[in-house]
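Work through the exercises below with the model open beside you, and try each task before reading its solution.

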Amino acid sequence: MNTDTAHIVDQLVGQAMELIEENGNSGFIRQARKAATQQFRHIGFPEAGSEDWKYTNVQPWLKRTAVKEVLVTPPVTRRTCSEQLDTAVRIVTKNGKLDKGSSSAVLPAGLHVSTFTDAVLSDNEQFKAHFGTLTSQVEHFSVANASLFEEGLFVYVEPYMESDIPIHIIHKVTQSVPGFVHPRQLIIAGGKTNVNIVETFEREDGTAYTFINSMSELIVGKQAIVKHYLINTCNADVASVYNLEVQTAEDSQYHNFNFMFSGNPFIRNNIHVVMDGGNTHTKLSGLYISGEDQLVDNHTCVEHKVADCRSDEKYKGILHGSSAAVFNGKIIVHPGAQRTTAYQQNNNLIMDDMATVYTKPELQIFADDVQCTHGVTVGEFDQHALFYLQSRGIPEENCLEILMQAFAFDIIDHISHKSIKKHVAQLFITFLKLLGKHNKTK
Amino acid sequence: MDTADTNNTLHSVIEGNYQYGFVTDIEMDILPRGLSVETVMAISEKKNEPEWLLKWRLTAYRHFLKLLETQGMPEWQNFNLPAIDFQAISYYAAPKSKPVLNSVDEVDPELIATFEKLGIPLTEQKMLSGVAVDAVFDSVSVATTFRKELSKLGIIFCSFSEAIKEHGDLVKKYLGTVVPATDNIFAALNAAVSSDGSFAYIPKGVRCPMELSTYFRINAGNSGQFERTLVIADEGSYVSYLEGCTAPQRDENQLHAAVVELIALSDAEIKYSTVQNWYPGDKDGKGGIYNFVTKRGICKGNGARISWTQVETGSAITWKYPGVILKGDNSSAEFYSIAITKNKQIADTGTKMIHLGKNTKSRIISKGISAGEGQNSYRGLVHAGRNAINARNFTQCDSLLIGSTCGAHTFPYIEAKNKSVQIEHEATTTRIGEDQIFYLNQRGINTEKAVALIVNGYAKEVLNNLPMEFAVEAQKLLAISLEGSVG
Amino acid sequence: MLQIRELHATVNDKEILKGLNLTVKPGEVHAIMGPNGSGKSTTASVLSGNPGYTVTKGSIRFYDQNIITLKPEERAGEGIFMAFQYPVEIPGVSNINFLRTAIGEIRAYKGLPPMETRDFVKMFREKQHLLQFSNELAGRSLNEGFSGGEKKRNEILQLAMLEPRLAILDETDSGLDIDALRIVSNGVNKLRSSANAFVLITHYQRLLEHIEPDFVHVLYKGRIVRSGTKELAGELEAKGYDWLKDLPDALTDQN
């Protein structure tokens with residue numbers, strides 16, 4: 001328990017107690033909240049220097065929630081680039097609450113979207129069966145979310161639903177005084193579904209400093225194929241922690257893309273996938289671009305619980321300015337998880353001398369019939385390539401842009417969905433150009 | 001070295017158990033169990049130490065207490081560290097016959113016999129040619145060979161106690177400069193109670209003509225061993241150093257908390273090799289040595305080179321991360337490791353490469369082999385600081401798993417703080433393929449020999465880095481019983 | 001030397017060999033041909049004692065000894081050698097060291113003293129010369145990073161060094177270009193003698209243009225359905241294997 005932030009924890013526990021007292025929460029949600037609050041009171045926020053937070057000091061971002069500013073003008077240098085994803089089912093939440101007015105009026109058959117409250121009121125069996133089953137008891141921010149979420153978003157994809165139209169969940173935050181929001185989601189993809197889920201985070205103009213602490217539970221059913229895209233393009237004064245808990249059933253495929261093209265100063269993602277059924281395949285692809293004094297921290301953990309599963313992970317980062325990137329990729333192969341194949345790669349391109357990379361690819365293997373490899377590289381772009389391009393008459397600035405694109409190319413190229421790929425590629429290029437402009441004015 | 005020889009040795013060890021488990025019956029001077037200011041003072045007094053050293057010890061002791069109180073034992077590891085009762089250990093045990101330092105002939109015959117049994121002949125006529133040995137028995141050094149020959153070149157090679165008496169200035173100048181007494185709880189304990197160890201100094205421009213070697217033997221029960229080794233290579237000098245170690249088979253766990261400090265000045269080179277074969281405990285994990293050592297070198301001057309090679313086969317728990325601080329520009333460091341765990345052994349080992357100077361290079365080759373219920377972890381740090389312009393690191397970290405009940409883990413920490421660094425880390429996990437075994441079977445080689453051959457091949461890159469002169473030692477390195485762990 | 005009688009064998013509970021009969025005498029070269037899946041490689045695996053294969057019925061006698069119960073290394077000691085279709089890579093183990101170990105073990109099995117290093121080196125140089133095997137390959141790790149052709153040549157070098165009484169070549173010709181095929185074949189021809197025998201397992205007739213067999217057998221659905229002399233191979237080349245489908249079931253299927 002961190003004593004420095006004890007007063008913030010106290011205050012939050014107070015808020016949680018109010019939520020517990022409030023009406024409208026059914027028995028099991030109330031019980032879960034009570035338990036989480038008790039746990040949160042016990043563990044609080046992470047201590048600086050604890051193993052999972054070794055390189056990330058979250059204290060300043062927490063403390064900032066207590067500074068009572070009315071409005072914060074985003075520094076000019078903070079970048080923003082939001083592009084519309086064409087043809088998508090839009091589901092909009094505002095501070096974690098479903099905003100029906102801004103969401104698509106008509107949902108495709110087989111897709112059900114509601115608030116947690118409505119799911120409880122309609123006595124939804126799926127909701128009852130899966131709510132809270134994946135939440136962590138040890139991850140500080142997951143526990144905090146489980147204690148403090150005000151409303152949740154429940155997305156249920158019926159078995160056999162196949163759709164090419166992306167399900168786009170837009171998380172908007174807006175508030176006039178600094179503070180936390182705790183968006184929470186439960187997404188269930190039934191058996192044999194095939195869907196693309198896109199999540200983006202947006203901060204409305206004029207919003208005060210916000211600490212977004214999101215948590216999602218995602219259940220991937222038998223033989224389902226779920227492609228899940230997290231796109232963080234938050235500009236300005238937002239700190240963002242995203243806790244994702246995924247459980248995959250046999251013969252399923254889960255592919256998570258995690259794009260960080262944002263101006264917000266602090267990002268932490270905890271992505272945890274448990275492969276719970278045989279013959280499942282998990283892919284994690286990440287791309288982070290950081291600049292100025294940003295801190296981008298990705299902690300991923302893939303658990304091979306049973307035999308005959310496969311995981312592939314590739315995270316790439318481009319670091320500018322005095323930014324820092326943390327990557328901690330853990331692969332756990334449990335006893336009995338024979339014939340496991342696990343692959344992990346983390347590549348970092350450092351563009352400026354003040355940038356820092358901390359990376360830790362971690363393997364914990366308790367079975368012998370496994371093929372696990374991981375690799376890490378840290379370095380500068382290829383000077384020969386730069387010279388080659390320059391010798392063909394391309395100005396240095398453009399060369400660097402080309403080299404960065406070349407470096408990140410394979411992550412974006414992995415997206416099989418055409419319009420999502422186009423969207424991400426556009427975001428990436430716009431973002432690089434903004435960065436380039438910013439670097440020039442420096 | 002010839003792989004066929006190691007192969008035979010491995011095979012012989014597959015058949016047998018731990019070969020060095022005997023106890024020497026010799027009259028001992030043993031301090032009563034327990035740790036206190038008095039213990040620290042008594043050790044210092046027995047060794048007739050100067051006051052500065054006693055003060056240093058007491059500071060370390062106080063730091064140890066403070067760490068124990070405020071932080072307790074380390075908790076970052078991925079295994080349960082058994083409780084250690086520091087009051088149940090005797091911190092000083094020495095053979096009663098007074099060690100004679102100038103002529104090996106006067107050493108107690110029982111001790112000579114003990115070391116001979118371990119394959120370390122100390123008598124003049126039997127000495128290993130080309131190897132100078134410092135033999136440490138429990139808490140004291142009992143014999144150092146080839147001293148005269150070495151001293152002609154200005155090389156100092158003696159026990160730590162003697163170095164304090166005769167080369168106090170050198171010891172005072174360098175002791176604790178690489179591994180401070182405050183480094184960690186075991187380093188603090190070592191500084192407080194270490195009673196002996198080895199000391200070597202190679203003068204400017206001298207290439208040490210023979211391998212220097214320390215052989216450590218724990219004999220007494222309920223005692224710990226806390227030796228301290230200090231090797232200083234002055235500008236442009238070269239030395240190759242090897243340590244070996246064994247202990248009797250006892251049901252209780254014994255603590256070994258050593259500290260090794262290496263200092264390489266400009267253009268000097270130190271090669272430090274370890275063949276660690278402490279008693280590993282029995283097949284149920286009863287007994288065995290807790291091997292918690294702190295080893296670190298510093299490339300202090302420009303162009304200095306340090307390489308660590310280790311073969312870790314013994315101990316119930318091994319916990320060591322021989323590191324190098326690459327302070328001098330253009331300095332380089334290497335770490336080659338084989339760690340084998342079987343039964344219930346735990347090895348948690350790796351290295352720390354701290355790049356501070358410009359154009360510094362490091363290379364890490366780690367090969368873990370786990371069998372039975374053994375757990376093997378590579379834990380390492382590669383750090384390149386802001387000013388470590390053009391720092392380079394390459395790490396290869398492989399695990400070989402034998403049987404489905406063992407574990408192999410890697411925890412590599414990589415920290416890069418400037419854009420000119422290049423760090424590459426690769427790790428793979430493999431097991432011995434049934435097809436490989438069948439292939440060798442078909443050529444007339446039985447399964448156990450086939451496994452030995454494959455393991456040898458797997459470890460070759462590290463074995464090749466051991467000094468030739470230590471063929472005998474090196475052969476012990478694969479002293480592992482793979483019996484029963486091969487299906 | 002070798003009598004196989006009514007041999008039935010399974011892999012993963014699937015019966016592959018269904019009553020195989022074969023007799024090989026010293027000095028003979030037999031070719032076993034047949035379409036994919038007929039049981040050619042299974043025959044080689046069963047003869048060499050691959051633990052993945054189970055003999056359910058029948059007998060294999062080698063010099064009047066039942067070898068079904070022998071371990072693979074004991075069969076090797078008896079003088080049975082298999083050149084693998086896919087030789088395995090073993091990193092870090094040098095070719096030379098591996099061969100010394102294998103020769104030592106086989107000699108020990110026969111009750112012979114270890115070979116003197118000098119004799120070993122001499123023998124190695126001779127065989128290396130015989131098979132045009134480069135020094136560079138000899139010094140490398142066992143099959144590690146070898147091309148397909150180099151691996152197959154290494155198999156033949158091992159054959160030469162271990163001097164077996166019976167050598168089974170499992171699809172040794174697959175993946176070889178014409179030059180490598182010639183080198184391998186020349187090697188085998190040089191190693192042929194009245195004291196040893198070869199069983200060549202192959203899909204194509206091409207190898208038999210270089211190594212002339214005394215007998216050719218056609219394996220189909222786990223049994224030998226035709227035997228003849230080398231002319232049979234030419235016939236197969238011309239006709240392919242499709243005609244086998246027209247054979248009466250009684251000849252191919254016992255069930």
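**Exercise 1.** Find the bridge partner of A:T373 in β25(B), and establish how the two strands run.

*Solution.* In this predicted model, begin at A:T373, whose bridge partner in β25(B) is B:T428. Next, widen the view to the strands themselves: β20 of chain A, residues 370–379, is joined to β25(B) by 7 bridges, and the two strands run antiparallel.

**Exercise 2.** Describe the contact between chain B and chain A, stating how many residues each chain brings and how much area is buried.

*Solution.* Start with the residues: chain A brings 35 and chain B brings 30 to the contact. Then turn to the area, of which the two chains bury about 2,800 Å² between them, with 49% of it on carbon and sulfur atoms. On the chain B side, 23% of the area buried against chain A comes from B:Y413, B:K419 and B:T429, which is more than any other three residues supply.

**Exercise 3.** Examine the polar side of the interface of chain B and chain A, and determine which elements of chain B take part in the contact.

*Solution.* First count the salt bridges, of which there are 3 across this interface. Check the side chains of B:R431 and A:D369, which form a salt bridge with an N to O distance of 3.3 Å; this pair satisfies the rule because the cut-off is 4 Å. The residue pairs in polar contact across the interface number 19. Strands β24 (407–416) and β25 (422–431) of chain B each supply at least two residues to the side that touches chain A, and β24(B) gives the most, with 10 residues. Sorted by class, that side of chain B has 12 polar, 11 nonpolar and 7 charged residues.

**Exercise 4.** Carry out the analysis for chain C and chain B, and determine which element of chain C gives the most to the side that touches chain B.

*Solution.* Begin with the contact, in which 21 residues of chain B meet 31 residues of chain C. About 2,200 Å² is buried between these chains, 63% of it on carbon and sulfur atoms, and in chain C the residues that lose the most area to chain B are C:E73, C:V88 and C:E105, together 25% of what that side buries. There are 2 salt bridges between the chains, and the side chains of B:R443 and C:E155 meet in a salt bridge at 2.6 Å, N to O. Polar contacts link 12 residue pairs. Several elements of chain C each supply at least two residues to the side that touches chain B, among them α2 (72–78) and α6 (148–162), but α3(C) gives the most, with 6 residues. By class, this side of chain C has 18 nonpolar, 9 polar and 4 charged residues.

Methods
Residues are numbered from 1 along each chain as its sequence is written. Chains are lettered from A and ligands numbered from 1 in the order in which they are written. This is a predicted model: local features need pLDDT of at least 70, side-chain atom pairs count only at pLDDT 80 or more; totals for chains, interfaces and linings use all residues. Side-chain values use heavy atoms; hydrogens and water are left out. Contact means heavy atoms within 4.5 Å. Buried area is the accessible area (1.4 Å probe) that two parts lose on being put together, summed over both. A polar contact is a pair of N or O atoms within 3.5 Å; within protein, one must be able to donate a hydrogen and the other to accept it, and residues adjacent in sequence count only if both atoms are side-chain atoms. Helices (H or I, at least four residues) and strands (E, at least two) are DSSP runs, numbered from the N terminus. Ala, Val, Leu, Ile, Met, Phe, Trp, Tyr, Cys and Pro count as nonpolar, Asp, Glu, Lys and Arg as charged, and the others, Gly among them, as polar. Two strands pair if DSSP finds at least two bridges between them.
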